[in-house]
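Let's read a protein model together, one feature at a time. Have a look at the picture and then follow the conversation.

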Amino acid sequence: LVLIEDGWKSLGYSAEIIAKVSEANINLKSAPQRVCWPTSHVPMSTPLEKDFYFDEHDVVKACSSALNE
């Protein structure tokens, strides 16, 4: 299970989906992966934004981790 959210990791829809999966006792082959913003304020400068926002490489990394590759 890989969830991609354009928002913070805490209190977002990805956290709610993982909670629902857990409550339903759904067995996953690997731990759920979330690709979200880091727990920090949103930066206001271009150099900082490049490190803050995720991109396609982060999504591929999370998918590979979920597949245990």
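Below, a learner asks how to read some features and a teacher answers.

Q: Before we begin, what kind of model is this, and what is its average pLDDT?

A: This is a predicted model, so a good habit is to begin with pLDDT, the predictor's confidence in each residue, from 0 to 100. The protein averages a pLDDT of 91, and 99% of the residues score at least 70. You can also go element by element: H1 has the highest mean value, 95, while helix H2 (residues 46-52) has the lowest, 87.

Q: How many helices and strands are there, and in what order do they run?

A: Count the elements, then walk along the chain. Here there are three helices and two strands. Starting at the N terminus, the order is β-α-β-α-α. As for overall dimensions, the C-alpha atoms fill a box of roughly 45 × 30 × 10 Å along the principal axes.

Q: What share of the residues is buried?

A: A residue counts as buried when its relative accessible area is under 20%, and as exposed when that area is over 50%. In this protein, 22% of the 69 residues are buried. Ser30 is a nice case to look at: it sits in the loop between H1 and strand E2 (33-37). Ser30 counts as buried because its relative accessible area is 14%. Its side chain reaches the backbone oxygen of Ala66 at 2.6 Å.

Q: How many disulfides does the structure have?

A: The idea is to look for two cysteine sulfur atoms within 2.5 Å of each other. A search of the whole structure finds zero such pairs. Take Cys36: its nearest cysteine sulfur belongs to Cys63, 13 Å away, and Cys36 is in no disulfide. Seen from the other side, Cys63 is in no disulfide either, with the sulfur of Cys36 at 13 Å.

Q: Are Cys36 and Cys63 buried, partly exposed or exposed?

A: Use the cut-offs again. Cys36 has a relative accessible area of 14%, so it is buried. Cys63 comes to 31%, so it is partly exposed.

Q: Where does His57 lie, and how far is its C-alpha atom from that of Cys36?

A: Here you can compare position along the chain with distance in space. His57 is part of helix H3 (residues 56-66). His57 and Cys36 are 21 residues apart along the chain, and their C-alpha atoms are separated by 13 Å. His57 is classed as exposed because its relative accessible area is 55%.

Q: Which residues make the nonpolar surface patch?

A: To find a patch, look for nonpolar side chains that come together at the surface. Leu1, Tyr13, Ile17, Ile26 and Leu28 make one of about 420 Å². One of them, Tyr13, is in helix H1 (residues 13-23). With a relative accessibility of 44%, Tyr13 is partly exposed.

Q: Which phi values are positive in residues other than glycine?

A: Most residues other than glycine have a negative phi, so a positive one is worth a second look. Leu11 has a positive phi of about 65 degrees although it is not a glycine. Find Leu11 in the loop between strand E1 (2-8) and H1; its relative accessibility of 86% is why it counts as exposed. For Asn25, phi is near 55 degrees, again a positive value in a residue other than glycine. Asn25 lies in the loop between H1 and E2, and it is exposed, with a relative accessible area of 64%.

Terms used
Residues are numbered from 1 along each chain as its sequence is written. This is a predicted model: local features need pLDDT of at least 70, side-chain atom pairs count only at pLDDT 80 or more; totals for chains, interfaces and linings use all residues. Side-chain values use heavy atoms; hydrogens and water are left out. Buried means under 20% relative accessible area, exposed over 50%, partly exposed in between (1.4 Å probe, protein chains only). Helices (H or I, at least four residues) and strands (E, at least two) are DSSP runs, numbered from the N terminus. Patches are made of residues with over 30% relative accessible area and no salt bridge: like charges are joined within 9 Å, nonpolar side chains (Val, Leu, Ile, Met, Phe, Trp, Tyr) within 5 Å. Accessible areas come from the Shrake-Rupley method with a 1.4 Å probe; for residues, only the protein chains shown count as cover. A salt bridge is a side-chain nitrogen of Lys or Arg within 4 Å of a carboxyl oxygen of Asp or Glu. A polar contact is a pair of N or O atoms within 3.5 Å; within protein, one must be able to donate a hydrogen and the other to accept it, and residues adjacent in sequence count only if both atoms are side-chain atoms.
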